[in-house]
Amino acid sequence: MSVRSEIAAGPTYRADPVSVRRTAADRQPRRPVVPHLDLLESESIHIIREVAAEFERPVLLFSGGKDSAVMLHLALKAFWPAAIPFPVMHVDTGHNFPEVLDFRDRLVARLGLELIVVSVQDYIDAGKLRERPDGTRNPLQTVPLLDAIAAHRFDAVLGGGRRDEEKARAKERIFSLRDDFGQWDPRRQRPELWNLYNGRHRPGEHVRVFPLSNWTELDVWEYIERENIELPSIYFAHEREVFLRNGMWLAPGAWGGPRDGEVVERKKVRYRTVGDMSCTGAIESTASTVAEVIAEVAASRITERGATRADDKLSEAAMEDRKREGYF
């Protein structure tokens with residue numbers, strides 16, 4: 001076809017060999033250059049080191065749960081071979097699982113860490129807090145936590161919260177500014193561009209920092225498997241006495257359960273989260289190894305807090321309200 005005929009016939013579109021090759025290549029499954037666990041680990045270690053560099057008196061919240069065990073492992077890696085340059089702190093409700101407290105104390109002793117324990121029971125005994133009618137003490141942790149932050153003049157508090165846990169956590173910044181009263185104000189949160197974090201705060205204020213923000217529950221378990229991180233035994237299937245309340249299997253104990261009409265049964269269960277016994281439910285499970293737990297978590301359609309935390313269900317905005325008050 002002549003040039004003149006080609007113009008008269010209008011535009012034609014020919015397959016560009018280069019474009020064809022690119023399209024075919026795009027159809028191939030792409031593998032990340034760096035495994036995703038390495039990316040998450042690198043980001044978290046960067047955040048922990050950033051806290052150590054920016055703040056004068058950081059502290060790491062350590063309850064003995066899986067997320068705080070991962071946090072401690074990351075902190076060890078962040079400063080190795082030096083020691084972790086800040087203490088760890090636990091707000092003990094007085095109704096914690098004995099297996100978890102034993103794990104907490106053994107790990108802290110083995111690593112030679114300074115552990116600060118703040119007791120909700122002490123506040124109740126002193127008349128500073130009143131026991132709730134439902135026996136749940138998780139909401140009572142806020143005042144002792146804020147008092148401890150003020151007393152020790154901590155300016156950064158590292159926590160294991162993740163965005164996939166619950167909607168109030170999903171919109172949280174990695175560096176979350178708290179005012180003089182420890183409260184969260186959405187209008188004062190700073191934008192976070194890439195890996196730029198703003199730790200600026202006034203005297204009396206502090207910053208909550210969440211290095212695991214971008215992890216999922218499945219990421220945490222896969223990392224636990226890869227790094228061979230020790231956990232409390234209650235994360236794995238075991239026989240235990242439990243009773244059913246509002247669709248959740250709770251452990252009987254001095255906290256006040258069971259009530260009249262609630263029947264204690266022996267079942268094979270495990271825990272997806274650990275916390276106050278009065279509001280932390282178990283799930284029926286046969287997963288007794290990390291690999292079996294990973295398979296179970298991968299198949300689950302309910303988040304760990306949605307499945308096992310009664311305190312999140314006190315109201316539609318329960319966690320949002322507690323965040324504003326300074327709980328996390």
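How many of the five residues of strand 2 are buried? Five of the five are, so strand 2 is largely enclosed by the rest of the structure. Here "buried" means under 20% relative accessible area, while "exposed" means over 50% and "partly exposed" is what falls in between, using a 1.4 Å probe and protein chains only. Strands, by the way, are DSSP runs of E with at least two residues, helices are runs of H or I with at least four, and both are numbered from the N terminus.

Before going on, a word on what you're looking at. This is a predicted model, in which local features need pLDDT of at least 70 and side-chain atom pairs count only at pLDDT 80 or more, while totals for chains, interfaces and linings use all residues. Residues are numbered from 1 along each chain as its sequence is written, and side-chain values use heavy atoms, with hydrogens and water left out.

Back to strand 2 (88-92). In a regular strand the side chains alternate between the two faces of the sheet. Strand 2 is covered on both faces: Val 88, His 90 and Asp 92 are buried on one side, and Met 89 and Val 91 are buried on the other. Its parallel partner is strand 1 (residues 58-61), and two bridges link the pair; DSSP has to find at least two bridges between two strands for them to count as paired. One of the bridge partnerships is between Leu 60 and Val 88 of strand 2.

Strand 2 also helps to line a cavity. The structure holds two cavities of 30 Å³ or more, and the largest has a volume of about 690 Å³. On a 1 Å grid over the protein atoms alone, a cavity is a set of points where a 1.4 Å probe fits but cannot get out; a pocket is an open set with protein on both sides within 12 Å along at least five of seven lines; and a lining residue has an atom within 4 Å of a point. Grid points are joined across faces, edges and corners, and the volume is the space filled by probe spheres set on the points.

What surrounds the largest cavity? Its lining has 36 residues, with Leu 61, Ser 63, Arg 169, Val 274 and Tyr 327 nearest the centre. Helix 4 (66-79), strand 2 and helix 11 (304-308) each put in at least two residues. Domain 1 (36-217) and domain 2 (232-316) each contribute at least three, with the bounds coming from an automatic or database domain assignment. By residue type, the lining splits into 13 nonpolar, 13 polar and ten charged. In that scheme, Ala, Val, Leu, Ile, Met, Phe, Trp, Tyr, Cys and Pro are nonpolar, Asp, Glu, Lys and Arg are charged, and the others, Gly among them, are polar.

Now for the open site. The largest pocket has a volume of about 310 Å³. It's lined by 18 residues, and Arg 153, Phe 154, Asp 155, Gly 204 and Glu 205 are the closest to its centre. Helix 7 (residues 142-151) gives the most to this lining, with three residues. The pocket lining comes out as six nonpolar, four polar and eight charged.

Arg 153 deserves a second look. It sits in the loop between helix 7 and strand 4 (156-158), is exposed at 59% relative accessible area, and has a positive phi of about 55° although it is not a glycine. Asn 228 also has a positive phi of about 55°, and it too is exposed, at 68%. You'll find Asn 228 in the loop between helix 9 (217-227) and strand 7.

Most residues other than glycine have a negative phi, and most peptide bonds are trans. The bond from Trp 80 to Pro 81 is cis, with omega near 5°, and Pro 81 lies in the loop between helix 4 and strand 2. The bond from Gly 257 to Pro 258 is cis as well, again with omega near 5°; Pro 258 is in the loop between strand 8 (248-250) and strand 9.

Strand 9 (residues 264-270) takes part in two antiparallel pairings. With strand 7 (residues 238-245) it shares six bridges, one of them joining His 238 to Val 269. With strand 10 (residues 283-284) it shares two, including the one from Arg 270 to Ile 283.
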